[in-house]
Amino acid sequence: QDGAWVLPRLAKDGVPRDMMMRRVLTYVPEFVVNKVIRSEANARMSHVNYGLACPAEPLKHSVMANDEIGFRMATGQVITKPLLIRFTQHGALFADGSTVNELDAVVFATGFGLAFDFIDESILASNPDELDLYKMVFPVRLAKPTLSVIGCLSTIGAHPPIYE
């Protein structure tokens, strides 16, 4: 619905994108970084033509490192659609008037609400805004580091390298 900036995993000369971006973000003004990201993202595939146009600059919106999505979209294996308006008995109607019929299943991949209400508050705060994690992983309230929490952070770019 909002689009996403899609970049290849590797930057110039095979340098991992997250490493390159960290260096660039440190020393270059934000407006220049946004221009570089837009240019590199659209060099591989037109975000407008593929329905990925973003309403915001790359540093203020979702950036995805992915080498396959462009190929999948070019071959029709992945099709972007605008906002879903409603479901019909066996299909779906979208904001541009297009429909998809004979659906067997619909998977909603809309994200999740982060909460830890299944863990006692004395160990880990149930509200993610109140997490107190050593190195963004280990709850400091534990006497022994026997629990790890990964993924409770926000970053620009791919999350898996951060999790590693």
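Begin by selecting L84, F87, L103, V106 and F108: in this predicted model, these residues form a nonpolar patch on the surface, and their accessible area together is about 430 Å².

Within that selection, highlight F108. It is found in the loop that runs between β5 (99-100) and β6 (133-134). F108 counts as exposed because its relative accessibility is 57%, and the cut-off for that class is over 50%.

Remain in this loop and select E102, which is likewise found between β5 and β6. Inspect the backbone here: E102 is not a glycine, yet its phi is positive, at about 60°. Is the residue buried or exposed? With a relative accessible area of 72%, E102 is exposed.

**The open sheet**

Next, display β3, β4 and β5 as a cartoon. They make up an open sheet of three strands, in the order β3-β4-β5, with antiparallel pairing. β3 (84-87) and β5 stand at the edges; each has a single partner strand, so one side of each is left without a neighbour in the sheet. Strands of a sheet pair through backbone hydrogen bonds, in either a parallel or an antiparallel arrangement.

Take the two pairings in turn. β3 and β4 are antiparallel and share three bridges; they form a hairpin, with four residues between the two strands. Select L84, already seen as a member of the surface patch, together with F94 in β4, which is its bridge partner.

Then move to the other pairing. How many bridges join β4 to β5? Strand β4 (residues 92-94) is joined to β5 by two bridges, and the two run antiparallel. To locate this pairing in the viewer, select A92 and V100: A92 stands opposite V100 in β5.

**The nonpolar cores**

Now hide the sheet and select W5, L7, A11, M20, M21, V33, I37, A41, C54, L59 and V63. These 11 residues constitute the largest nonpolar core. β1 (5-7), α1 (17-27) and α2 are the elements that give two or more residues to this core. Which of the elements provides the largest share? That is α2, from which three residues come.

A second core, separate from the one just shown, has six residues; select F116, I119, L124 and L133, which are among them.

**A buried asparagine**

Return to helix α2 (residues 30-44) and pick N34, which lies in this helix. N34 has a relative accessible area of 5% and is therefore buried, the limit for that class being under 20%. Add E57, P58 and L59 to the selection: these are the residues in contact with N34 once its neighbours within four places in sequence are left aside. One of them, L59, is also a member of the largest nonpolar core.

**The whole chain**

Finally, zoom out and colour by secondary structure. The protein chain contains four helices and seven strands, and along the sequence they follow the pattern β-α-α-β-α-β-β-β-β-β-α. Colouring by accessibility gives a second view: of the 164 residues in the protein chain, 24% are buried. A surface representation corresponds to about 11700 Å² of accessible area for the protein chain, and carbon and sulfur atoms account for 55% of it. For a contact map, consider the contacts between residues at least 6 apart in sequence: 40% of these join residues at least 24 apart.

Methods: Residues are numbered from 1 along each chain as its sequence is written. This is a predicted model: local features need pLDDT of at least 70, side-chain atom pairs count only at pLDDT 80 or more; totals for chains, interfaces and linings use all residues. Side-chain values use heavy atoms; hydrogens and water are left out. Patches are made of residues with over 30% relative accessible area and no salt bridge: like charges are joined within 9 Å, nonpolar side chains (Val, Leu, Ile, Met, Phe, Trp, Tyr) within 5 Å. Accessible areas come from the Shrake-Rupley method with a 1.4 Å probe; for residues, only the protein chains shown count as cover. A salt bridge is a side-chain nitrogen of Lys or Arg within 4 Å of a carboxyl oxygen of Asp or Glu. Buried means under 20% relative accessible area, exposed over 50%, partly exposed in between (1.4 Å probe, protein chains only). Contact means heavy atoms within 4.5 Å. Two strands pair if DSSP finds at least two bridges between them. A nonpolar core is a set of buried Ala, Val, Leu, Ile, Met, Phe, Trp, Tyr and Cys residues joined through side-chain atoms within 4.5 Å.
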